[in-house]
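Trainee: I am new to this structure and would like a close look at one part of it. Could you walk me through it slowly?

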Amino acid sequence: MLAARAVRADPHDPLAALEVGDAPAPEPGAPGGPPPGWVRVRLRAASLNHHDLWSLRGVGLPAERLPMVLGCDGAGVDEQGREVLVHAVVSDPAWAGEETEDPRRSLLSERHPGTLAEQVWVPARNLVPKPAELTFEEAACLPTAWLTAYRMLFTRAGVHPGDTVLVQGAGGGVATAAVVLGAAAGLRVWVTSRDEAKRERALALGASAAFAAGERLPERVDAVLESVGHATWAHSLRALRPGGTVVVCGATSGDAPPAELTRVFFAQLRVVGSTMGSRVELDRLVRLCAATGVRPVIDSVLPLAQAAEGLRRLQRGDVFGKVVLTV
Ligand SMILES: NC(=O)c1ccc[n+]([C@@H]2O[C@H](COP(=O)([O-])OP(=O)(O)OC[C@H]3O[C@@H](n4cnc5c(N)ncnc54)[C@H](OP(=O)(O)O)[C@@H]3O)[C@@H](O)[C@H]2O)c1
């Protein structure tokens, strides 16, 4: 089958660790094949995430698991002919709690082959029905970046309609999702971006105001959604009202900024981590999109064979929304 795989780890040049070409299709019962109870999805579309670049750099993907099919996000057709999305969080079969809190969970492409391929195997419980209102390309954007933004906003941030939320790094997959979902839910969404064109596009998506990276805000906000890390952390803490919440899901620019503990305790800030989302949250996100007309922001659509071009653009930060690959 055609697949995009990490075949080595290259911390400095992740694209050098990528191979797009023929790969063995997983076979049940074969060594390393899908475990019992897993089902096959023939993918129609997949979307790229920063996670794929981290994997190519070797972050979270040790050498003994290589080669590994990349990809967390996908939508396709199962063996019964049903149109489905795949929930990318694979928890232990014995785990009874919420999937994201299982200490042994993994994401597709960390321990099990991912979605940048013609087919993927997942636990049967990880399938979510795709509503007819969404195209395969749109559905393939939801399980990672959009689910992460949904959980950050509606589960972790503790905000309510009318509150103000600042989203750092307006152009990213998580950030564009947060703008669209936040605006749809009645939040006042402010964004920052290094790029004026991206600020303009964020306003067109529903942001109420857009600021240059690091710019002083006209007033303090109730919550900040952080995925940039080192480059924006100090600004995020300064932007919060006393008692406000910063929700962190990533650290694209590095994860060792000063913690600014004095500001955290004096302003009684809440620093809250967030990772992916549960299957229940994904189901709700899908229904929200179907019912409201909210749709993922798609930067570009490429064939799977051009995965390298899509990943190169993600690496350059040269995207607005999601890069989708069709299979
Ligand atoms: N915890 C989770 O479950 C989870 C899920 C999804 C993503 N993540 C993480 O969240 C991060 C974002 O993911 P994504 O898929 O949205 O990535 P993305 O689409 O590549 O977006 C990254 C955005 O970050 C901003 N940025 C990058 N470097 C920057 C810098 N040096 N200074 C200021 N801004 C910078 C850029 O915004 P501007 O160009 O507009 O400034 C860029 O658009 C990644 O680190 C990813 O691993 C975590």
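Trainee: Which residues of helix α5 (residues 196-205) are buried?

Mentor: Happy to help, and please keep in mind that this is a predicted model. The buried residues of α5 are Lys 198, Arg 199 and Ala 202. If you look down the axis of α5, these buried residues fall within an arc of 105°, so they line one face of the helix. The general background is that an α-helix has 3.6 residues a turn, so residues three or four places apart point the same way. Turn to the other side of α5 and you will find Glu 196 and Ala 204, which are exposed.

What does the buried face meet? Its residues pack against α4 (173-184), β12 (188-193) and β13 (209-212).

Now look at the two ends. At the N-terminal end, Asp 195 acts as a cap for α5, with a side-chain oxygen 3.3 Å from the backbone nitrogen of Ala 197. Just after the helix comes Gly 206, which takes a positive phi of about 130°.

One residue of the buried face also leads us to the ligand. Lys 198 is among the closest of the 23 residues that surround the ligand, a group that also includes His 50, Val 174, Ser 193 and Met 276. Backbone atoms take part as well: a backbone N or O atom of Gly 173 lies 2.8 Å from an oxygen atom of the ligand, while a polar backbone atom of Cys 249 is 2.8 Å from a ligand nitrogen. The protein covers 87% of the 910 Å² of accessible area that the ligand has on its own.

Terms used: Residues are numbered from 1 along each chain as its sequence is written. This is a predicted model: local features need pLDDT of at least 70, side-chain atom pairs count only at pLDDT 80 or more; totals for chains, interfaces and linings use all residues. Side-chain values use heavy atoms; hydrogens and water are left out. Buried means under 20% relative accessible area, exposed over 50%, partly exposed in between (1.4 Å probe, protein chains only). Helices (H or I, at least four residues) and strands (E, at least two) are DSSP runs, numbered from the N terminus. The arc is that of the directions from the helix axis to the C-beta atoms. Contact means heavy atoms within 4.5 Å. A polar contact is a pair of N or O atoms within 3.5 Å; within protein, one must be able to donate a hydrogen and the other to accept it, and residues adjacent in sequence count only if both atoms are side-chain atoms. A residue is near a molecule or strand if one of its heavy atoms lies within 4 Å of it. Accessible areas come from the Shrake-Rupley method with a 1.4 Å probe; for residues, only the protein chains shown count as cover.
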